[in-house]
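Colleague: I am new to this structure and would like a close look at a single part, the ligand and what lies around it. Please take me through it in one go.

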Amino acid sequence: MLKVYGRSNSVNVQKVMWVIGELGLDSERLDVGGPFGQNDQDWYLALNPMGRVPVLDDDGYVLWESHSIIRYLARQYGSDLYPSDAKACGDADKWMDWQIGFQQPAITPAFWGLIRTPEADRDMAAIHAASKETAALQGIVDRHLQGRDFMAGKHLTLADIPVGAMTYRWYGLEVEHPNYPNLRAWYDRLTQRPAYREHVMLPIT
Ligand SMILES: N[C@@H](CCC(=O)N[C@@H](CS)C(=O)NCC(=O)O)C(=O)O
């Protein structure tokens, strides 16, 4: 059975659990990181020298980095989540790289400021800057989704997973939410998926 190390409120863990749910695989998730700790212990650092979550253990095969894990899962457990066609695969990779390179860093100061920092200690200038930058990036997704049901075509692929997991967080934060009809329709489509509801649509903590 697949074993996933990582607390359920980590967006990077959510990406992995959502894919496991989409693939219908059995798994056990163990709470590690944040208030659960353990990720600075020798046994954990032997699994992931970065001391971060998630880590996947597939019958002794250990992998860290959430996007590598979801690519592995889609390849190993054969699904069209990660297309084999080079161009379709490139499209999926592009949005995964964009998410980790742009969307995630942009929203992080707003998330940490609003959710994990006491009100009195918040850097509101940094939160506003993050809100503005993320709104602009979400606008790029909105324009991309014009005429598309999913990020890389007609069905769900890995292109939707990281951006979709973070978009739940974006709608849940008290930040600027411009009217983005294509983004909203896509997000509403994701909310119909049982695996998204179970693993991503959790309290934002
Ligand atoms: N690039 C890594 C980032 C992993 C990462 O930074 N995870 C955060 C949680 S989202 C973490 O481990 N934080 C420390 C903790 O939870 O104690 C990935 O995508 O897996």
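Modeller: In sorting residues, Ala, Val, Leu, Ile, Met, Phe, Trp, Tyr, Cys and Pro count as nonpolar, Asp, Glu, Lys and Arg as charged, and the others, Gly among them, as polar. By that scheme the shell around the ligand holds 3 nonpolar, 6 polar and 3 charged residues. This is a predicted model, in which local features need pLDDT of at least 70, side-chain atom pairs count only at pLDDT 80 or more, and totals for chains, interfaces and linings use all residues. Residues are numbered from 1 along each chain as its sequence is written, and side-chain values use heavy atoms, with hydrogens and water left out.

The residues surrounding the ligand (each with a heavy atom within 4 Å of it) are Arg7, Ser10, Asn12, Gly33, Gly34, Asn39, Arg52, Val53, Pro54, Glu65, Ser66 and Ile100.

Next come the polar contacts, pairs of N or O atoms within 3.5 Å. A polar backbone atom of Gly34 is 2.8 Å from an oxygen atom of the ligand. Arg52 places a polar side-chain atom 2.7 Å from a ligand oxygen atom. For Glu65, an N or O atom of the side chain is 2.7 Å from a nitrogen atom of the ligand. On its own the ligand has 500 Å² of accessible area (Shrake-Rupley method, 1.4 Å probe), and the protein covers 77% of this.

As for the wider setting, the chain is divided into domain 1 (2–76) and domain 2 (86–196), with bounds from an automatic or database domain assignment. Their centres, taken over C-alpha atoms, are 21 Å apart. In contact (heavy atoms within 4.5 Å) are 14 residues of domain 1 and 20 residues of domain 2.

Notes
Polar contact = N/O pair within 3.5 Å; in protein donor to acceptor, adjacent residues only side chain to side chain.
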